[in-house]
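Me: I'd like to learn how to read strands, helix packing and burial from a model. Could you walk me through it?

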Amino acid sequence: MGATGAAEPLHSVLWVKQQRCAVSLEPARAVLRWWRSPGPGAGAPGADACCVPVSEIIAVEETDVHGKHHSSGKWQKMEKPYAFTVHCVKRARRHRWKWAQVTFWCPEEQLCHLWLQTLREMLEKLTSRPKHLLVFINPFGGKGQGKRIYERKVAPLFTLASITTDIIVTEHANQAKETLYEINIDKYDGIVCVGGDGMFSEVLHGLIGRTQRSAGVDQNHPRAVLVPSSLRIGIIPAGSTDCVCYSTVGTSDAETSALHIVVGDSLAMDVSSVHHNSTLLRYSVSLLGYGFYGDIIKDSEKKRWLGLARYDFSDGLGRCSFSNVSDTAQHSILTEQGPLWTFFLRCTLFPGLKTFLSHHCYEGTVSFLPAQHTVGSPRDGKPCRAGCFVCRQSKQQLEEEQKKALYGLEAAEDVEEWQVVCGKFLAINATNMSCACRRSPRGLSPAAHLGDGSSDLILIRKCSRFNFLRFLIRHTNQQDQFDFTFVEVYRVKKFQFTSKHVEDEDSDLKEEGKKRFGHICSSHPSCCCAVSNSSWNCDGEVLHSPAIEVRVHCQLVRLFARGIEENLKPDSHS
């Protein structure tokens, strides 16, 4: 039962679960493999062979064999057995990852130490893994389980992987954002947020803002070229729907997200900046919604005194998480609701139902710059997946575009071909990702990509309540939600919106727009609704200005994630 030197592949016959197995470690392929080998010699691997990439090994520990009793006669041949345990990732159903342990028993102490040393040396070479993290925990988001989730499901994995942490349990809204502006973040390898989409948004704004301040970039300039941060963000889902986590990992499971952080995964993601009159309003990574989705969030804000129950029905209309005010806003809601209150609220004041029945539509003008650099389209049926070719190729083409524009070889943005759509809309949505969640597994735009430098702009024109309900229901099933005559979808890299109400008040802006853009108008049934303006729902926060300018910044931030993997067969090792 010998083994070759550490620089060469290791091959040994060891015992796993009281079964004789051939075990191999190939440094060139960085894969640990083992398979049953009952006869003499190692034998060839069969269909039941197990393998674990070294990149998905969490840690390797020497196993304490004292006090262990093995009744099987196979162990009687080992007078002094030695063992090491490999802690690794095990894939489960529905994109979930689990923490698994496999113990290998060796007949010789020297052989056991050789395996330990070789595996540990290979793990040390994985430089993408974090060593020191800053952790923000929102104790109020979702069902108030953030701290408990971290202590039970995340902290043990970080300890096992020798990751040290500084933990801040937030006490008020925007504390995470403010902290990132104030402290020295250079000593950290990443920022982890435990909470929902609102907590992630806080960390996102803090990290982007801090990075731009350090680089001397004016965030208020709509055309500013933003500088990416070197730090990755990890999301431990503990909110109500966890849209960002679900859309980037494929599940909202805390253990899965913790394991992606431990193994040092990295996923680049687009961020949209939202400006009004040369002032930065917010950044958006998921949904920017006007009309229906804006009205829901606006109405929810009016009923803040009702607590969390004011959102319950909205999600039932197939909206994913966006009827919810973000977990950041929930910091200000600390009073508990009794069962009588909850029953009363669920029976009466539902923002989603009220907004749907109101059926307001809004007149305005949408001007957008098509994302010609992208290699996909919103209706091509090709979702964003791990190692996405569309994101990779689109970023390369966008960089080529920018280089040519820089040297005057191609038209700059000022003279690029903008398109204009005007009319009366029930909703205007812009999504940087699919916006999938448990209640809407395909999301608002199933083929939206995380890092292609574009946003899917979805325009829902005035239609009957019945047709609009059909549109909403399609977010919960496999049917094409864009297959309606009143729905238009475009892949854009920049867009502007001005409501009719604002246009009438500012004729100068209107005249300038006519000069700048070609005019494309379609005849659609008029709306008899007298409401003038809605609000924008920006990742669960209210933006009261209807006139905005939105720009997509390609792969501005990175997450501790891999992207949604294709449906792989669950691992058999345990």
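Reply: Sure. Keep in mind that this is a predicted model. Let's begin with a strand pair: β5 (residues 57-62) and β6 run antiparallel, joined over 5 bridges.

Me: Which residue of β6 is the bridge partner of Ala 59?

Reply: That's His 87.

Me: And how many bridges join β6 to β7?

Reply: There are 10 of them, and this pair is antiparallel too, with β7 covering residues 97-106. To find the register, pick a residue and look across: Tyr 82 sits opposite Cys 106 in β7.

Me: What links β6 and β7?

Reply: They make a hairpin with 5 residues in between. Look at Arg 94 in that turn, where phi is positive, about 60°.

Me: What should I expect of side chains along a strand?

Reply: In general, side chains in a regular strand alternate between the two faces of the sheet. Burial is then a separate thing to check for each strand. In β6 (residues 82-91), 8 of the 10 residues are buried, so call that strand mostly covered.

Me: Now helices. How do I describe two that pack together?

Reply: The general recipe is to give the angle between the axes and the distance between them. Here, take α2 (residues 146-160) and α6 (residues 254-262): their angle is about 30° and their axes are 9 Å apart. Angles under 35 degrees count as roughly parallel, and therefore α2 and α6 are roughly parallel to each other. Their crossing is right-handed.

Me: Which residues of α2 and α6 meet?

Reply: From α2 you have Ile 149, Lys 153, Val 154, Leu 157 and Phe 158. On the α6 side are Ala 254, Glu 255, Ala 258, Leu 259, Ile 261 and Val 262. By type, the residues of this contact split into 9 nonpolar, 2 charged and no polar.

Me: Let's try a single residue. Is Gln 555 buried or exposed?

Reply: Buried means under 20% relative accessible area. Gln 555 comes in at 18%, so it counts as buried. It belongs to strand β21 (residues 548-559). Leaving out residues up to four places away in sequence, Gln 555 touches Ala 268, Met 269, Asp 270, Cys 391, Lys 395 and Gly 451.

Me: And the whole chain?

Reply: It has 15 helices and 21 strands. Of its 574 residues, 55% are buried. For the contacts with a separation of 6 or more, 77% come from residues 24 or more positions apart.

Notes
Residues are numbered from 1 along each chain as its sequence is written. This is a predicted model: local features need pLDDT of at least 70, side-chain atom pairs count only at pLDDT 80 or more; totals for chains, interfaces and linings use all residues. Side-chain values use heavy atoms; hydrogens and water are left out. Buried means under 20% relative accessible area, exposed over 50%, partly exposed in between (1.4 Å probe, protein chains only). Helices (H or I, at least four residues) and strands (E, at least two) are DSSP runs, numbered from the N terminus. Two strands pair if DSSP finds at least two bridges between them. Axes are lines fitted to C-alpha atoms, for helices over the stretch in contact, and angles run from 0 to 180 degrees between N-to-C directions. Angles under 35 degrees count as roughly parallel, over 145 as roughly antiparallel, 65 to 115 as roughly perpendicular and the rest as oblique. A crossing is left-handed if the near helix is turned anticlockwise from the far one by less than a right angle, and right-handed if clockwise. Contact means heavy atoms within 4.5 Å. Ala, Val, Leu, Ile, Met, Phe, Trp, Tyr, Cys and Pro count as nonpolar, Asp, Glu, Lys and Arg as charged, and the others, Gly among them, as polar.
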